[in-house]
Amino acid sequence: MMWDDYYRGDGITRADAALPTPPPWRTFPTPSPAEVFRPPQGLTDAVNAALALRRPLLITGGPGTGKSTVIEQVAAELALGPVLRWHITSRSTLADALYRYDALGRIHAHRLEQEKARAGQVAAADDVADFLTLGQLGTALLPSPRPRALLIDEIDKADLDLPGDLLDVLERGEFHITELLREAQEEAQVRMWNTDARHLVRRGHVQCTEFPFIVMTSNGEQDLPAAFLRRCVRFTMPKPTAALMRAVVRGHLQLDVGDSGPEAELIDDFVRRVASGENVAVDQLLGTLHLLKGTTGSPQENSRLIDLLMKDLASA
């Protein structure tokens with residue numbers, strides 16, 4: 001492959017130009033990373049401690065270190081089902097993660113039923129459950145024979161109050177749906193997160209029978225309260241080693257990198273940069289090696305490619 005095989009910047013249409021094969025992790029639907037993830041030393045102990053203690057696992061580390069991939073592998077190995085994902089922003093609230101009530105949708109539906117009644121048509125019964133949807137955390141806390149897996153991604157991006165708000169729910173493993181309590185609805189089939197499946201909720205009360213396996217990730221951008229940290233098993237992703245990165249490259253690219261050569265130099269330089277405090281991610285390294293593997297460019301062209309893809313994430 002030469003670097004002018006695709007886009008050349010000359011304005012000439014090439015309808016027969018074949019695009020390159022994407023890297024394995026950029027094919028869609030995206031394959032599970034469970035088989036190729038390589039946990040660093042100490043992570044398996046932290047996972048097993050969290051499982052045994054029924055506590056959330058808080059993983060801290062820089063971008064691209066595999067923090068959010070851990071739960072995929074655990075869920076696959078222990079048959080915990082699809083991973084529920086709660087991506088945190090400054091606007092995230094506990095209420096939305098437990099359940100959501102579409103009050104406006106219910107008002108609109110009620111008006112439509114009134115119009116049907118005036119037209120002599122049979123109006124459907126008003127069921128509040130039709131306007132309730134469990135959130136990611138609410139679904140994770142439903143009764144189940146095995147724990148569900150929940151990723152709470154980038155907890156340090158949350159509003160300062162959210163970690164404190166989570167304490168009681170994570171400690172007790174339960175919550176109430178206010179709208180069902182208010183209407184004294186004994187039983188309700190409530191829709192689960194990201195599916196049309198429903199779960200029977202009695203007397204507005206959701207109580208887990210198996211505490212979910214929860215992984216929370218943090219980039220270390222915000223200090224979390226001590227009361228919150230006390231309830232977590234904590235693990236900090238270590239700085240990568242050359243041996244670990246060779247194993248990662250072998251798993252993702254089926255590429256065995258020796259102790260010398262351009263690939264080995266690139267890996268060693270990546271490890272050195274991370275150790276010195278630069279912010280470069282593993283997927284940058286993998287993407288660069290993927291392109292270099294199929295490139296017949298000159299050393300100068302390859303050097304430009306490395307400079308393009310291996311930029312420090314902390315710089316513009």
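## Worked exercises: cores, sheet and helices

Setting aside neighbours within four places in sequence, Ile177 makes contact (heavy atoms within 4.5 Å) with Tyr99, Leu132, Leu134, Val201, Gly204 and Val206. Bear in mind that this is a predicted model, where local features need pLDDT of at least 70, side-chain atom pairs count only at pLDDT 80 or more, and totals for chains, interfaces and linings use all residues. Residues are numbered from 1 along each chain as its sequence is written, and side-chain values use heavy atoms, with hydrogens and water left out.

**Exercise 1.** Find the residues that touch the most other members of the largest nonpolar core.

*Solution.* Start with the term: a nonpolar core is a set of buried Ala, Val, Leu, Ile, Met, Phe, Trp, Tyr and Cys residues joined through side-chain atoms within 4.5 Å. Buried means under 20% relative accessible area, exposed over 50%, and partly exposed in between, with a 1.4 Å probe and protein chains only. Next, look through the 41 residues of the largest core: Trp86, Leu137, Ile155, Leu166, Ile177 and Phe228 touch the most other members. Then ask which helix gives the most to this core: it's H6 (residues 162-172), with five residues. Helices (H or I, at least four residues) and strands (E, at least two) are DSSP runs, numbered from the N terminus. Finally, there's another core apart from this one, with 21 residues, including Leu43, Ile71, Leu80 and Leu151.

**Exercise 2.** Work out the strand order of the open five-stranded sheet, then place E10 in it.

*Solution.* Strands pair if DSSP finds at least two bridges between them. The order reads E2-E5-E10-E1-E11, with parallel pairing. At the edges sit E2 (84-87) and E11 (233-236), each pairing on one side only.

Now zoom in on E10 (residues 213-218).
- With E1 (residues 57-60), E10 pairs in the parallel sense over four bridges; Ile59 has Thr217 as its bridge partner.
- With E5 (residues 149-153), E10 also runs parallel, joined by four bridges; here Leu150 is partnered by Ile214.
- As for its faces, Phe213, Val215 and Thr217 are buried on one side, and Ile214, Met216 and Ser218 on the other.

Last, add a helix: H2 (residues 70-77) lies across E1, E2, E5 and E10, at about 180 degrees to E5. Such angles run from 0 to 180 degrees between N-to-C directions, and axes are lines fitted to C-alpha atoms, for helices over the stretch in contact.

**Exercise 3.** How do H10 and H11 pack, and which residues meet?

*Solution.* Take the geometry of H10 (residues 262-275) and H11 (residues 282-293): the angle is about 165 degrees and the axes are 11 Å apart. Angles under 35 degrees count as roughly parallel, over 145 as roughly antiparallel, 65 to 115 as roughly perpendicular and the rest as oblique. H10 and H11 are therefore roughly antiparallel. Then list the residues: Glu263, Leu266, Ile267 and Phe270 of H10 meet Val282, Leu285, Thr288, Leu289 and Leu292 of H11.

**Exercise 4.** Is Ala79 buried or exposed?

*Solution.* First locate Ala79, in the loop between H2 and E2. Its relative accessibility is 56%, so Ala79 counts as exposed.
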